[in-house]
Amino acid sequence: MVEPFVPFVFAIFFACSHAELGSIPLRLPTQNAEQVFAVDLNGDLTDELVTLNQGTLTWADQHEGIEGTVVASAVQRLKSGGPETLYIVTGRSRTSPNTRPKVYKLDNSGLQSIFETESKLHRISDIDVGSEGVFITVMDPDKTARGGFLSNGTFAPATQALMGLKQLRVDQADTVIGRLYGDEPRSDGGLFIVDSTGTSKQLSSKRGVRTLVGHDIDFDGHTDLLVGDGWHYQYGTRAEPTLRLLLGPDFSDERLITELPDGFTISQIVPVNGSPSTNPTRLVVLGSSSVYLLEQADLGWKRTLLGRATQTTHIAVANHDDGAQVVVSGTPIQLIPLDSQ
């Protein structure tokens, strides 16, 4: 049995001591949550928390019901500042077996459904939001995954790959595709980049890709790739939860950040924004049994265990008056201040 999430004692003490100094604590819209999200809905440079619990999405003093289970999310962050938008992808669940997958949009005006698949047999496996718009990945019943933009409620597929469940648009021309498996059943997946002509090039990776995030780690203006791979169909014994960094713009410069010492996958990679001169980008990583903080050091990347998790744990990183805090789903929700690490 996997242990429940238990953050270190000093993290709890740190949060309490800050409250005693008069700072405004991060507001929890609910005490319990199955999933958590952080987004600056009003543009005041401070994240609000959004929680999902028992089919109800709650933020501030508002709440709305959502059908199905949440399978992916993305925040539209504007370089010029201003209000942000949260996009949430849902799919079928045991309690909602006939629900068609949907994309919801949450902004300062409220929650709305902006897209749903043509049948319940389809699956939306990934979502990314950039300057070009909302890019989603839809898997057909035959396991072919197609990536494309949403426009006025219409999906326009532009790429396709068997079991290419993770797809990310980069540099307004290319699409990076992470495949969980290869062409043959149970064969190794991989990482590829496809240009506007359809030409595909393989990138460095190890077996199947479970998580794919684009972020400018080194502040050079180019998107870098954070890849959680090492997946194997015999995941209980042979999967190796590995995190690697491929530097843009051509992704030929690869850095192995870490291999988690426990569990079998990396399910979330959340960059914590820094600054070019004084504060390098940090990463919070959710594995199948633990949450870790990754920080750049002189001899590589330092890995710090933040606490234990289960396979249903979900995390977000919220920027607030007290600094960045890791928000961990559960009963109750846990807050871990990163600046105490």
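An open sheet of three strands (DSSP runs of E, at least two residues, numbered from the N terminus) shows the order β25-β26-β27 with antiparallel pairing, two strands being paired if DSSP finds at least two bridges between them. Because β25 (315–320) and β27 (334–337) stand at the edges, each with a single partner strand, one side of each is left without a neighbour in the sheet. Antiparallel pairing of β25 with β26 (residues 323–328) extends over six bridges, and Gly323 in β26 is the bridge partner of His320. The model is predicted, with local features requiring pLDDT of at least 70 and side-chain atom pairs counted only at pLDDT 80 or more. Residues are numbered from 1 along each chain, and side-chain values use heavy atoms, without hydrogens and water.

Salt bridges (a side-chain nitrogen of Lys or Arg within 4 Å of a carboxyl oxygen of Asp or Glu) number 13. One of them joins Asp61 to Arg27, with an N to O distance of 2.6 Å. Asp61 lies in the loop between β3 (56–59) and β4 (62–65) and Arg27 in the loop between α1 (9–20) and β1 (35–39), so the pair ties together parts 34 residues apart in sequence.

A salt bridge at 2.6 Å, N to O, also links Arg244 and Asp229. Since Arg244 belongs to strand β19 (residues 242–247) and Asp229 to strand β18 (residues 224–229), this pair ties together parts 15 residues apart in sequence. Arg244 is buried (under 20% relative accessible area, 1.4 Å probe, protein chains only), at 7%, and Asp229 is likewise buried, at 4%. Lys206, Arg207 and Glu240 are linked in a network of salt bridges.

Note on methods: Helices (H or I, at least four residues) and strands (E, at least two) are DSSP runs, numbered from the N terminus. Buried means under 20% relative accessible area, exposed over 50%, partly exposed in between (1.4 Å probe, protein chains only).
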